Amino acid sequence: MSTVAVVGTGVIGVSWAKLFLAHGLDVVATDPAPGAEERLRSALDDTERLRFVAEPGEAAAAADFVQENGPEREDVKHTLFAVLDEAARPDVVLASSSSGLLPSAIARGCPRHPERVVVGHPFNPPHLIPLVEVVPGRDTAPGVVDRAVAFYTSVGKRPIRLAREVPGHVANRLQAALWQEAYSLVERGIATVADIDTAIANGPGLRWAVLGPFVNQHLSGGAGGLAHVLAHLGPPTEEWWRDLGRVHLTPELAETLVAGVDAELAGTDDRSLAAARDAVLNQLLAAKAAQPDLP
């Protein structure tokens, strides 16, 4: 792999471009939005190996790997992937950053080679967060998944390979489960938006940033490990599950959530906040890399 096509240069596309350039790859980028090239170049420190082209087909034709970041709509994906499928060499993987669409649905836009379509879903910002979810569709060839996993690993990502497709993949489904209860707690007046952010950021979120939920549970069980936790806390946990809220994202609830975030961040500049987040992420990633016993 020497050249990657970045198709769509919004927030996710820009971050992918940063990552690929940082690992010595050439990037051919494209986006139909007015001023897209100027915004992309202004967001990058190194643009010597960046080429911006007007058409996605031109980008795909020059690439050894395609990372698509277009709008989250099946009809748009079908139109775009038809162009990519026609232009890219048959051996080139077509990966979508889609956060929830099924790769089988996306691949319906590829009449020539649907077997080379996967979802390669990153977490924002992709140039910092290592996770990428590699999701095959019904027609995806196993070797294509292998190549995608190998490519993402080569640029410093920590890919997971799903056995089969499911809406929202893995990490977003886990997030959605947390959001459901968080929204419900706000809707029922049990806690404020700021309270819930504080609870996660200063409680379990700190452990989750180091180890996953299963290993954290295992460590909390002492000598008995996860088996002890499941035996002793399993029954009350099941009671909590039955008491979890079911919410509908009504306009009123959405207004409450937005107002809660506005109140929590009153006087805080979003760009400064994102920069502070990224600085801590870099420190955390460096600290984790220095601990060889972490999985």
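Which backbone nitrogen does the side chain of Ser 98 reach? The legends below take that up, then move on to the sheet; keep in mind that this is a predicted model.

**View A. Ser 98 and its link to Gly 100.** The side chain of Ser 98 gets to the backbone nitrogen of Gly 100, at 3.4 Å. You'll find Ser 98 in the loop that runs between strand 5 (93-96) and helix 5 (103-107). Ser 98 counts as buried because its relative accessible area is 0%, under the 20% cut-off.

**View B. What surrounds Ser 98.** Set aside the neighbours within four places in sequence, and Ser 98 still touches Glu 72, Lys 77, Ile 106, Val 119, His 121 and His 169.

**View C. The open sheet of eight strands.** Read across the sheet and the strands come in the order 3-2-1-4-5-6-7-8, with mixed pairing. Strand 3 (50-52) and strand 8 (158-161) sit at the edges; each has a single partner strand, so one side of each has no neighbour in the sheet. On average, neighbouring strands here are turned by 25° against each other, ignoring direction.

**View D. Strands 1 and 2 side by side.** Strand 1 (residues 3-7) and strand 2 (residues 26-30) run parallel and are joined by five bridges. Look for Thr 3, which stands opposite Asp 26 in strand 2.

**View E. Helix 1 lying across the strands.** Helix 1 (residues 11-22) lies across several strands, among them strand 1, strand 2, strand 4 (65-68) and strand 7 (131-136). Its direction is at about 170° to strand 1.

How values were computed
Residues numbered from 1 in each chain as written. Predicted model: local features only at pLDDT ≥ 70, side-chain atom pairs only at ≥ 80, totals over all residues. Heavy atoms only, no water. Helix = DSSP H or I, 4+ residues; strand = E, 2+ residues; numbered from the N terminus. Buried < 20%, exposed > 50% of the residue type's maximum accessible area, 1.4 Å probe, protein only. Polar contact = N/O pair within 3.5 Å; in protein donor to acceptor, adjacent residues only side chain to side chain. Contact = heavy atoms within 4.5 Å. Pairing = 2+ DSSP bridges. Axes fitted to C-alpha atoms, helices over the stretch in contact; angles between N-to-C directions.
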